[in-house]
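Me: I am new to reading protein models, and I would like to learn how to go from a picture to careful statements. Could you take me through some features one at a time?

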Amino acid sequence: MPFKTSSASNPVPTQARVDALKAKYAAAQQEQVFTFYDSLSPEEQMALYDQLSKLDVDRVNRIYKKAVSSLESTTNLSISPLPNDCFDSVLDATESKQKEWESIGLKSISENKVAVILMAGGQGTRLGSSAPKGCYDIGLPSHKSLFQLQAERILRLQKIAKDTTGTQEKVVIPWYVMTSGPTRAATEAFFQSHGYFGLEKENVIVFEQGILPALTDDGKIFLETKSKIAVAPDGNGGIYAALRNENVLTDLTSRDILYVHAYCVDNCLVRVADPVFIGYSISKHADCGAKVVRKAYAEEPVGVIALKDGKFNVVEYSEFDPTLAALTKANGQLEYGAANIANHFYTVDFLKSVERFEGELEYHIARKKIKHVDLKTGELQSPMKPNGMKMELFVFDVFPFTERMSVLEVDRKEEFSPLKNAPGTGVDDPDTSRRDIINQHVGFVERAGGEVVPGAGETQDKLTFEISPLVSYAGEGLEDLKGKTIRTPVVIETVSDIEKLVAL
């Protein structure tokens, strides 16, 4: 098994090894991390030594210097629209064109050339849960978690690819789940306790994103306690180093995977391994691709994919002059309207190439209140205002290094409903996630020629209705409901449930 697992504690380091590590940190001008070392218990010394020996302190210094220099830069970057030849929209494309893209994607899936990477490091803290966000139940009638919804979409798509292409081979879409340190054990336990939701254990691979130390304003590493440095996840852009360090790239290669779909766990509508998106990107010979939604209005505070100094990038709303943001095309749509939703396509070759330009990636500084030990008194400090920084990389920071980019616009109401806020917020919360899935499922039935009407005690905007992803990935498989009226509450979990509705 190529993936790293927890191992027994390292043996007690010799004094020579400790002295060598101290010298390394002193040369990097980070010797303060050893301030309390000699007063620690042997167990605490081992824990600190182990943490510091695994950290590339010179890399930390390089990242800090680059992040600060980027922050201080006053260069005005030129912003220009996406080239027409790398952009298409399912809102405008003909049905035959979409079928063409889908066919290419399904063929690659049927040949076991496609894998999925899920960015699932976040906890449900804002949702009132200490569990990983993927474990969250948004309140659907089935009470399925986000993880289960996505797993069942993979299962359904494997069947669609096999049935559509007629392949005699077993179709597998490996699912690589990236966690953070605090969420890894809970994520693994959740999958195990639910039998991997019907997927095979060997095809659900959990790995861990990296960390970076929290730093003072002048780049010094904070001590969280006398025997532990303060660290934080290195952002969703840490995925690229994690793929290499956790041997995921090795596993992808061993499976002969060519293409990867990557997305964030909190989008309840995500079409996992979407064959249309994958097929579109393959047809464009792209090494990197992005799925976007149409910006709702010029002032919507979202990042959009465009060109910065002639290179693909995400331009934040704050970087736009209002006049530029309001520019429209001949068809009346916004010139800068490709809203980023962190939903990406990659070739495995491109993911492997990231190591070559990793040193050029722009890390971003987040000002934070960082608890730490006072180096003079040894007392814990809990600041009331930001006193330092955490550095992170964004998943889109590799865009400027792509040679061939594909950008596909999709329908927001069909494919993007993020879960960000606490229940009752009214925006991007469990209620809106649940509503958007139910509305989508009602739409599936309507497009099949059926109708969903509220039953006793329900209203059209508050229906108890759900279709399992095991029955329908994107509206297919519901043809028998043509001409049928479905009165809620109804949950369609199996094909036999459709047969019962048809028989009524």
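Me: Let me begin with a single residue: does Pro-322 count as buried or exposed?

Reply: Keep in mind from the start that this is a predicted model. The general idea is to look at the relative accessible area of a residue, where a value over 50% means exposed and a value under 20% means buried. Pro-322 has a relative accessibility of 62%, so it counts as exposed. This proline is found in helix H10, which covers residues 322–325, and its C-alpha atom is separated by 31 Å from that of Val-270, a residue 52 places away along the chain.

Me: Where does Ala-286 lie, and which residues does it touch once those up to four places away in sequence are left out?

Reply: Ala-286 lies in the loop between helix H9 (275–283) and strand S11, and because its relative accessibility is 5%, it counts as buried. Leaving out residues up to four places away in sequence, Ala-286 touches Ser-281, Phe-345, Thr-347, Arg-404, Met-405 and Ser-406. Position in the sequence and position in space should be read separately: Ala-286 and Thr-402 are 116 residues apart in sequence, with 8.5 Å between their C-alpha atoms.

Me: What joins the side chains of Glu-300 and Arg-412?

Reply: The side chains of Glu-300 and Arg-412 are joined by a polar contact of 3.2 Å. Glu-300 lies in the loop between strand S11 (288–294) and strand S12 (304–308), and it is buried, since its relative accessible area is 9%. Apart from residues up to four places away in sequence, Glu-300 touches Lys-295, Tyr-317 and Arg-412.

Me: How should I read a helix, and which residues of helix H11 are buried?

Reply: One way is to list the buried residues of the helix and then ask what they pack against. In helix H11, residues 348–357, the buried ones are Val-348, Phe-350, Leu-351, Ser-353, Val-354 and Phe-357. These buried residues pack against helix H7 (239–245), helix H8 (248–254), strand S10 (259–264), strand S11 and strand S14 (338–347).

Me: What can backbone angles tell me, and which bond joins Thr-488 and Pro-489?

Reply: Two angles are useful here, omega and phi. Thr-488 and Pro-489 are joined by a cis peptide bond, with omega at about 5°, and Pro-489 lies in the loop between strand S22 (485–487) and strand S23 (490–492). As for phi, Asp-256 has a positive value of about 60° although it is not a glycine, and this residue lies in the loop between helix H8 and strand S10. Asp-428, also not a glycine, has a positive phi of about 50° and lies in the loop between helix H12 (412–415) and helix H13 (430–447).

Me: Finally, how many helices and strands does the protein chain have, and what can be said of the chain as a whole?

Reply: The secondary structure of the protein chain comes to 14 helices and 23 strands. Its radius of gyration is 25 Å, close to the 23 Å that the globule rule gives for 504 residues, so the chain is as compact as a globular protein of that length. Buried residues make up 52% of the 504 residues. Of the contacts between residues at least 6 apart in sequence, 74% join residues at least 24 apart.

Terms used. Residues are numbered from 1 along each chain as its sequence is written. This is a predicted model: local features need pLDDT of at least 70, side-chain atom pairs count only at pLDDT 80 or more; totals for chains, interfaces and linings use all residues. Side-chain values use heavy atoms; hydrogens and water are left out. Helices (H or I, at least four residues) and strands (E, at least two) are DSSP runs, numbered from the N terminus. Buried means under 20% relative accessible area, exposed over 50%, partly exposed in between (1.4 Å probe, protein chains only). A polar contact is a pair of N or O atoms within 3.5 Å; within protein, one must be able to donate a hydrogen and the other to accept it, and residues adjacent in sequence count only if both atoms are side-chain atoms. Contact means heavy atoms within 4.5 Å. The radius of gyration is taken over C-alpha atoms; the globule rule is 2.2 Å times the number of residues to the power 0.38.
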